[in-house]
Amino acid sequence: MAEDRQTEVRGAFDAAAADFTALGRHLWEPIGAAAVAVADPKPGERVLDACCGTGASAIPSARLVGVDGHVDAVDLSGPMVDELRRLSTGLPQLHAHQADVTTWPGEGYDVVQSALGIFFFPDMTAGTDHLISRARPGGRAVFTIWRGEAMVAAGRHLGLAIAEVTNTPVPAPRPPHLIDEVNQADTYAAWLTGRGLADVEVTVHELALTMTPEVAWLVVVGSGFRGALAKVPAELVADVRERYLTSLGEACLEELDATTLIGSGRR
Ligand SMILES: C[S@@+](CC[C@H](N)C(=O)[O-])C[C@H]1O[C@@H](n2cnc3c(N)ncnc32)[C@H](O)[C@@H]1O
């Protein structure tokens, strides 16, 4: 079951890699920059960037640690890692690895960070505990998650569009997940404190995406939502796009909440 989930996550992001970069300007980069501002890597420090994607937090971290520092950027998806390597030429301190970060063996990092990754782990708590264990004693851990219902509306309209175009039932809501219980600043802070971190703080990073047709479709093809398109026959994808955009318009959804919670603490 855990392996099926891992394969599903990897498949969604493998397919999304190129469009992921295009969406990055609107979404991943501002979110990554805000997370790095909290983590505040210093020249010469060692950073583990878990679930690095195409480098929204790994690349600015590599710039901050400089050539005397070291960033290990780890992602399950080969195409994401390839894209990161392409984007990070000229940053020899950034080392991109394709691996499951929940079993990453490196340790002693000054900073361990993950932007929008920990809720994909088959066991979010065990995976996060493993990441924290990779920091040196006194090192910083910084994990970013979506706040509350952020991004959910896009998934709902996409699900409705796919069901209508493919004449299949509307997908059932996903089963309850730990993230539903910890996606507010206070509950997230309590959960991080429960992980043994000291000096826990949660920073709210407000963001609203203006849903032009271009951005609204990039939200589908350049994110984990891409996985939902995998079962749609290629000749119907344009119809799904059309129906999805119409559905957003009917709901007057001009802005998508993309607010994140940046949780930080010390090991
Ligand atoms: C929403 S993306 C975020 C990427 C990046 N941190 C950013 O903010 O742009 C989530 C990423 O987590 C990766 N991922 C999920 N589970 C993982 C695991 N167990 N080990 C490594 N990467 C994982 C996915 O492949 C995907 O690239």
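**Reading strands, a helix and a ligand site**

Student: In strand pairing, which residue of β2 does R46 stand opposite?

Tutor: R46 stands opposite H70 in β2. Keep in mind that we are looking at a predicted model.

Student: How many bridges join β1 to β2, and do the strands run parallel or antiparallel?

Tutor: Pairing is read from bridges between two strands. Here five bridges link β1 to β2 (residues 70-75), and the two run parallel.

Student: Is β1 largely enclosed or open?

Tutor: Count its buried residues, meaning those under 20% relative accessible area. In β1 (residues 46-50), four of the five residues are buried, so the strand is largely enclosed by the rest of the structure.

Student: Let's turn to helices. What should α2 span, and what does the model show?

Tutor: The expected span is 1.5 Å times one less than the number of residues. Helix α2 covers residues 28-39, 12 residues in total, so it should span 16 Å; its end C-alpha atoms are 16 Å apart, which agrees.

Student: Which residues of α2 are buried?

Tutor: The buried ones are W28, I31, G32, A34, A35, V36 and A39. Just after the helix comes D40, with a positive phi near 55 degrees.

Student: And G11: where is its place, and how exposed is it?

Tutor: G11 sits in helix α1. Its relative accessible area is 34%, so this glycine counts as partly exposed. For a sense of distance, the C-alpha atoms of G11 and S61 are separated by 27 Å, and the two residues are 50 apart along the chain.

Student: Now the ligand. How many residues surround it, and which are the closest?

Tutor: A residue joins this shell if one of its heavy atoms lies within 4 Å of the ligand. There are 20 such residues, and the closest are C51, D75, D100, V101 and A115. Helix α1 (residues 2-24) supplies the largest share of the shell, four residues.

Student: What classes of residue make up the shell?

Tutor: It has 15 nonpolar, three polar and two charged residues.

Student: Which atoms of C51, D75 and L76 lie by the ligand's nitrogen or oxygen atoms?

Tutor: For polar contacts, look for N or O atoms within 3.5 Å. D75 places a polar side-chain atom 2.6 Å from a ligand oxygen atom. C51 uses a backbone N or O atom, 2.7 Å from a ligand nitrogen atom. L76 also has a backbone N or O atom by a ligand nitrogen atom, at 3.1 Å.

Student: How much of the ligand does the protein bury?

Tutor: Taken alone, the ligand exposes 600 Å², and the protein buries 99% of that.

Technical notes: Residues numbered from 1 in each chain as written. Predicted model: local features only at pLDDT ≥ 70, side-chain atom pairs only at ≥ 80, totals over all residues. Heavy atoms only, no water. Buried < 20%, exposed > 50% of the residue type's maximum accessible area, 1.4 Å probe, protein only. Polar contact = N/O pair within 3.5 Å; in protein donor to acceptor, adjacent residues only side chain to side chain. Areas by Shrake-Rupley, 256 points an atom, 1.4 Å probe, with all protein chains shown as cover. Nonpolar A, V, L, I, M, F, W, Y, C, P; charged D, E, K, R; others polar.
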